[in-house]
Each structure stands twice: as structure tokens, then as C-alpha cells.
Amino acid sequence: MAANRRNGMASPARGLEDILSPAAPHPRTSLPNVATIVTTVAALYFGREVFLPIAIALLLTFALAPLVSALKRAGVPRIAAVIVSVLGAFAALALFSFIVATQVSELAQNIPVYQANILTKVRSLKETGVGGGIIARLSKVVERVGQEIDRQETSPPAATPEKPPREPVPVEIVSRERPLEVLQNIVGPLISPLGSAGLIIVVVIFMLLEREDLRDRFIRLVGYGDLHRTTEALQDAGKRVGRYLLMQLVVNIVYAVPIAAGLWVLGIPNALLWGLLALGLRFVPYIGPAIGMLLPLFLALAVAPGWSLVLWTAALFVVMELITGNVVEPWLYGSRTGLSSLAIIVAAIFWTWLWGPLGLVLSTPLTVCLVVLGRHVPQFEFLDVLFGNEPVLEPHARLYQRLLAGDPDEATDHAEEMLEEKYLVEFYDKVAIPALLLGEQDRARGVMGDQQRRQVAESALVMVANLDDSAHEEAEEEDGPPAEEEPDDKDPSREDETELPDGTDLSVLCTGGRGELDDAAAAMLAQVLEVQGTTVSKAGFADMEPANIRRLELEGIDTVVVGFLNRDSVKHARFLVRRLKRAKAALRVGIVFWSQGPNEDKEAAAKLARDINADFVAHGMVDAVVGALSNEPPIALKLVAKRRMRRQRATSQKASAAST
């Protein structure tokens, strides 16, 4: 955890830098009305014969566009590049279909040969167990239930039949088909898929030929007012979908080739068929690999009389799935589709219901297009919120939601996840304090009751206590030898980082100003000061009441730091500074007006400190730590001198009046 840190601050880690940077609150996402959703889904369902070929053609256009561009850069004319790419892709699909059909036909002819092995295994299962196996018992139960049903349905009437029932005469109908009808029965079922394939080929060719014109028309239709955003959306969609399809094809080939080779080595018939099916079915998320594994397992059950071949086949599929899912896929594209895992499952269910098996295959790339659309077009932002894998809440909002729900354990998990790359001072400054500021805003608006406020504060205090181990680890890292840094690797963007001072031999009292939430913020500051080696004591806002300030144990305390989440507490802060300095004249008193963003106006903070007679005024965690651990002498209480002057004036005036 200390590899990325130096000088008491954490160097930025790519990936969490954007998460930890304060951002403006997102506007509320508008959802479409029910009528719009129902109309859209109904149009896609009833118009699937029109929309499905167009969707397939669109995805193939995304997939073939990089190949066409590469051929054009190589000097091939545009029309030739498009035709070669499309015909090559469909020729590969046709060859794939032909090989699969041939292998299936060969498998169908050999099925009777495997019947004996299947019957043998069924008999062995029946004979398993004492007094008959489970299968035999279940078969007997089903047989008895069937006999009882047949007995009730076929019970004879009470009257005695006069004549015995006559046996039905079997009749065989022989149809004589003409050659033209035979040809029609063979060719008829092929006309629809061949017509759809031809239509898709034509649409893909024209989409690739007029890709720029279609892009301009789309921009003019939906995004002419914001060319930058629309262009970025189109480029992002094309890049994501094209890369996903290409990388998925590579992953499936890497998965299918060892499967086919392994099945051939094991002696499974038609190994090429199972390898090709594994390649194609893996385009179907989650359930595709399972379906591709079941068929070879069934064949392994039928080929060999024992069970070893079944186990070896299952082991082959499991090992290849583990290697592909945990090594190959993250190496090639990881989670660059931009979809969450739940979104992939929901999309698979929805598109399968809408368009059948083809919808299942197309579900992931189609949903990627929708998420990209929602990411760049404000009207469709709800799609990115529903299906995207990016966090939809800022870290401080997520933390506040957990504190508001009274769940400090999950809040601690959220904090520890960030502390793998960041120090406590950064986490508290960028995430935890802004979360408490949201609570203070809700309190000021009157939407948070006293019980909720106390619950948020208590949850925050529990989270701080749970992070004691992380604080001790950081303190040990600070006490250890400094890590050697290479000057060439120094990040110039972080050269102005403030080094947190050492707090050894200093004693600081941290307290809240006006409420329970202020006490929680003071506890966070106290923990950061402990990491710097400071002797820290804590007090609550109730201890800052006028009747209780004199009871504070200020002996041995060098500095008192009072924090306010409410920025309108200047008068109260001035009062506390005066009271604390009266209680101990040699005491340094600092005031922290917590804020979310960085406050670089040092002159305004210094002026405010002079106005309220404080030794320092800070707005963030780093400035508060630096001010608390400063070795500057305390500022004298100016009000004492003013009162002495007033008393002297009053005395002189009384003396002059008496003399007159």
C-alpha cells in the first residue's frame, strides 16, 4: 500500500484519480414515460422482421469497417475493399454453416451405434443402491400414478355391452407427390433464410459504401446543435462495438481450437463440430459455453462404456473456460464493453424475448450501442445509468448514503477499498468530509431530523474506529526508513504537494463546534494527526458550551482545533476562540470551516483568522493538519488589551468629572 506514497501524501493512482477528484453534482436523470417505452418495445417486437436484419447489418458494418479502412489505406479502391470484405465475411460464415451441417448429418447417421452404450449406463444407474436405485424407484412411482389415472379414465360403464367391441382397421394413406411439389417442399424452407441473408449482404454493402453520408445524416437529425458530442458518440460506438466483436471472435477461436483438439485426442466423434459449436455458442453470454459443453458430454456418455471419458471431457471444458475467462479475456479487452454483469444478463433475457435466439446472440453488442448512446446524448442518459458499469454516484455521495442508512460496515469497506491507493488524509479530505457536508446541507434544509443526524454521526464515528488498523499501518510506514525515489520518475504535476509535518512532542485537542456531525469531522482530523505522531485528545461540541469550557483539561495541550461544517458559524467561532484563550493564555486555537473543494485563497483565510483572533483558519484536512502542527507562538487575545484601554478611559473620565 505504501508503494505509491511519499511525503505523507499519496501519489496519484490512475483509475482512482477521477473517482477521488471532486466533481460537480450531476443533474437529475430524466426517465422516459411509460407510453414511450411501451411504444418502442411494441415497435421492435411486431417489426422484428424488419428491424432484425437491419440490426445484424449494422453490427456487421461496425465489425467490417476497420477491415475496409485498412484495405483503403493499402491502396485498394473503396468499392473493391467493401465487396472483398463483405464477401469474405459471408463466405467464412457460409463455410462455417456448411461444415456444421455436414458434421451434424454424419453424427445423425452414427447415433444408433451409440444406443447400446447409453442403455448399458442406464441399467447401471438402475442397479445402483440397495433394493433398487433412485431411478427405478422414481420409475415405479410414475408408473403407478399413470396406472391409476388410466384406471379412472377408462373405467367401463355399468351396462353390459351387447356385442364385443370391434377391432379398428388400420388405414394407410399413401400420397403421390408430383416432382414440382417435392422441389417446392425442399426449396421452400430455404427461401426465407437465403432471402434474409441476401438482404443483409446488400444492406451491409451500402452501409459501408455510404458510411460517411449516413454519419452526416445522423448528425443532422439528432445532434446538429452539438457536433462535438454527436461525433464523439459515433466514434465511441463504432470503436466499442467493432473492438468487442473482433476481440470476442479472437477469444472464441482461442477457446475453440484447444477444445476441438482435446476432444479429438480423447476420441470424441465429430470433434470439429463441437469445436465450431463452442466457437459460435460462446458469443451467447453465460449460457452459451454451458450449452456447448452439454452436447459433447452426452456424446462422451454414449461412446465409451465407462465414466472416465465423461470426466475427462468435463475437465477439458472447465479448464479452458477458467483459462479463457480469467486470463485471455482480461488480457485482450477486459471490461471495455462498458456494461455491468447484471446488465448483460438482463439484456440477454430482453433481446431473447424480443427477437428469439438471434436476439440472444446480438444482445451484448446491441446493448453496448444503447449505453454509448446514453453516455453521450442527454435524452438517453438513463440507459447509461441502468446498464453502464461506471459509478453513477460520486464516492462522497455513496459514502453519505451508507452513513444515512446506518451501515458503517459497508462504509468501512468503501473506505478500505480507496485506502489501498490513498492515505487517510486524502480519503477524509476528498470523500469523508464532503459526505458530512451533504449531511449538514440536509440538516440546514430541514430534511434531516435529530435522530437521523445522530445516526449519521454515530455511523461515521464507527467507520473512523474501524479504520484504526489502517491508521496504525500508515504510522508504521511513516516511522520506517524513507523509500528511495528515482528523480527521473518524479511526477511534475505533484511537485507542489505539501509535506505533512511531524507531530511528535505535540499535543492537540480536536473538537466539534456545534453538532454531532462536527464531532465526527473532528474525529477524522484526530486520526490523521495520530498518524503524524501527535498526542491527540478529543472533545465534543457539548464540551464547548460556556459552562463547560472551563472544565476542559487544557494542561499540556498545545493547540485546540475546532471544526465547523456550517460556514455561517463565524460569530460562534469568535466566541470559542475568546473563551479558550481566556482559559489558557498560551494556547494556540485554530478554526476549521470544512469545505469540499480546494481553497487556495490564503490571504482571505489569514484575514478571517485575524478577525476572530484565531491562530489559523483552515478549510481542508491538509491545511488543518499543517496549522495544528505548526510551531509558531500563540497569538495574544486582543480583546484583553482593548478592555484595559476602555477601563483606563473610563477611569480617567471619572477622575476628570470628579475634579470639575
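Select glutamate 420 to begin: this residue sits in the loop between α17 (408-419) and α18 (424-445). Helices here are DSSP runs of H or I with at least four residues, strands are runs of E with at least two, and both are numbered from the N terminus. Glutamate 420 counts as exposed because its relative accessibility is 53%; exposed means over 50% relative accessible area, buried means under 20%, and partly exposed lies in between (1.4 Å probe, protein chains only).

The model is predicted: local features need pLDDT of at least 70, side-chain atom pairs count only at pLDDT 80 or more, and totals for chains, interfaces and linings use all residues. Residues are numbered from 1 along each chain as its sequence is written, and side-chain values use heavy atoms, with hydrogens and water left out.

Now add the other members of the negative surface patch to which Glu420 belongs, including Asp409, Asp413, Glu416, Asp468, Asp469 and Glu530. Helices α17 and α20 (468-479) each supply at least two residues of this patch. Patches are made of residues with over 30% relative accessible area and no salt bridge, joining like charges within 9 Å and nonpolar side chains (Val, Leu, Ile, Met, Phe, Trp, Tyr) within 5 Å. Asp and Glu count as negative, Lys and Arg as positive, while His and the chain ends are not counted. Each charge is placed at NZ of Lys, CZ of Arg, CG of Asp or CD of Glu.

Next, select Tyr286, Ile287, Ile291, Ile345 and Ile349, a nonpolar surface patch with about 480 Å² of accessible area together. Such areas come from the Shrake-Rupley method with a 1.4 Å probe, and for residues only the protein chains shown count as cover. The elements giving two or more residues to the nonpolar patch are α11 (287-303) and α13 (341-355). Tyrosine 286 itself lies in the loop between α10 (271-281) and α11, and is partly exposed at a relative accessible area of 49%.

Stay in that loop and pick arginine 282, which forms a salt bridge with glutamate 321, with the closest N and O atoms 3.1 Å apart. This pair links distant parts of the chain, since glutamate 321 is in helix α12 (residues 308-332), 39 residues apart from arginine 282. A salt bridge is a side-chain nitrogen of Lys or Arg within 4 Å of a carboxyl oxygen of Asp or Glu. Arginine 282 is buried at 7% relative accessibility, whereas glutamate 321 is partly exposed at 28%.

Arginine 282 also leads to asparagine 252 in helix α9 (residues 227-266). Asparagine 252 is buried, at 0% relative accessibility. Leaving aside neighbours within four places in sequence, asparagine 252 is in contact (heavy atoms within 4.5 Å) with Leu279, Arg282 and Phe283.

Move on to helix α19 (residues 450-466) and select valine 456, which is buried at 1% relative accessibility. Not counting residues up to four places away in sequence, valine 456 touches Tyr400, Leu403, Leu404, Met448 and Leu517. In the same helix, aspartate 450 and arginine 453 are 3 residues apart, about one turn. Their side chains meet in a salt bridge (2.8 Å, N to O).

Finish with helix α18, where aspartate 442 and arginine 445 are 3 residues apart and separated by about one helical turn. They form a salt bridge, with the closest N and O atoms 2.6 Å apart. Aspartate 442 is buried at 14% relative accessible area, but arginine 445 is exposed at 59%.
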